[in-house]
Amino acid sequence: MLLRHVRYFLAVAEAGNFTRAAETLHVSQPTLSQQIRQLEDTLGAPLFDRSGRSVRLTDAGQAYYVHARRALQDLEAGQRAIHDVGELTRGNLRLAMTPTFTPYLVVPLIVAFNARYPNITLSLREMPQERVEPLLTDDDIDIGIAFDDIHLPDLEATPLIDEPLAYMVGASHPLARRRAALGAEALAGESMAMLTREFATRGYIARYFGGLGIEPRIAFEANSVSAVLDAVRSGRHATVLPAAIAAGQADLRILKLERPLPPRHAALLQRKGAYRTAAARAFVDFALSEFKRRRASPAHD
């Protein structure tokens, strides 16, 4: 059995079709079929059910797929390890983060890391946590910056910071000058601009309002923080986002709540037992040190 057989098997399994898999692999369909037959002969079991219009994994194929996928991930990690330079004179780092972190947390961190390690090439992706986690388990990214409330058992979370959330409005909103704390009745009557349901922040806010026994009146939703903020700046809507986003923004106001929003816990997510490149290890150490320094700084208080 050769590595080629494993790659071909995975391509067919994921495409569900020999023709599409052959096109992806840049080989002819007869060649691909022959290679899969050789693998099945070696294993002593059929891996695919070819009786229908699409190709499906047999029970044996499903069992083999799990191990083949993990083996290929480990081999690819080993290939990266060979080219990994411990002194960080070169390297690559693949990151993904949830959008609420990007403006105030991730961008400054990335800029500082790049200044320290200018030869590390960074690949950054912004997406909801429910997409970050599968990418980590599939070894498509090295580190995720999200929340410590992880859902997949193959992942581990390293605490990073506590993230205070705030109820905020635009400077022209009728409540912008209010000093008294808002109670449940006042919150129930306000028009809200929110991130869409695919974001963890939306579920967090729903749980908060549910604890107050009210249903937020959502008038606008978007899949980007900037779009939500634009709606809030119009003066017609309120929202809940990280307090740090409103810090220093003259056109945003944070309002007091009778029942404060509890903080969320940001974390660095990684796959358990995965190979850690020198770049990934350096980033984790740098991020933890940077936020420890910020917490200890008088300016942070």
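Okay, so let's start with Asp139. Asp139 sits in the loop between helix H6, residues 129-137, and strand S5, residues 143-147. This is a predicted model, by the way, so keep that in mind for everything I show. Phi of Asp139 is near 65 degrees, a positive value, and the residue isn't a glycine. Buried or exposed, then? Asp139 is buried, with a relative accessible area of 8%, and the cut-off for buried is under 20%.

Now, there's another non-glycine residue with a positive phi, and that's His26, at about 60 degrees. His26 is in a loop too, the one between helix H2 (18-25) and helix H3 (29-43). With 73% relative accessibility, though, His26 counts as exposed, because the line for that is over 50%.

Back to Asp139, since it also turns up in the lining of the largest cavity. How many cavities of 30 Å³ or more does the structure hold? Two of them. The largest cavity has about 80 Å³ of space in it. Along with Asp139, its lining has Leu136, Ile141, Asp142, Gln270, Arg271, Ala274, Tyr275, Arg276, Thr277 and Ala280. Split by class, that's five nonpolar, two polar and four charged residues.

The second largest cavity comes in at about 40 Å³. Around it you'll find Ala193, Met194, Leu195, Thr201, Arg202, Ile205, Thr239, Val240 and Leu241. Strand S8 (191-195), helix H8 (200-211) and strand S10 (238-242) are the elements that each put two or more residues into that lining. Here the classes go six nonpolar, two polar and one charged.

Right, on to the packing. The largest nonpolar core has 44 residues, and the ones touching the most other members are Leu93, Leu105, Ile145 and Phe283. Which helix gives the most to this core? Helix H11, residues 278-296, with nine residues. And where does the core lie? Domain 2 (90-161 + 265-296) and domain 3 (165-262) both contribute residues, so the core lies between them.

If you want one residue to click on, try Ile145. Skipping its neighbours within four places in sequence, Ile145 is in contact with Ala96, Met97, Thr98, Phe101, Leu105, Val106, Leu160, Ala267, Leu268 and Phe283. Two of the names on that list, Leu105 and Phe283, you've just heard as core members that touch the most others.

Last bit: there's a second, separate core of 19 residues, and it includes Val169, Met192, Tyr204 and Phe209. That's me done, so over to you.

Key
Residues numbered from 1 in each chain as written. Predicted model: local features only at pLDDT ≥ 70, side-chain atom pairs only at ≥ 80, totals over all residues. Heavy atoms only, no water. Core = buried A, V, L, I, M, F, W, Y, C linked by side-chain atoms within 4.5 Å. Buried < 20%, exposed > 50% of the residue type's maximum accessible area, 1.4 Å probe, protein only. Helix = DSSP H or I, 4+ residues; strand = E, 2+ residues; numbered from the N terminus. Domains from an automatic or database assignment. Contact = heavy atoms within 4.5 Å. 1 Å grid on protein atoms, 1.4 Å probe; cavity = no way out; pocket = protein on both sides within 12 Å on 5 of 7 lines; lining within 4 Å. Points joined across faces, edges and corners; volume = space filled by probe spheres on them. Nonpolar A, V, L, I, M, F, W, Y, C, P; charged D, E, K, R; others polar.
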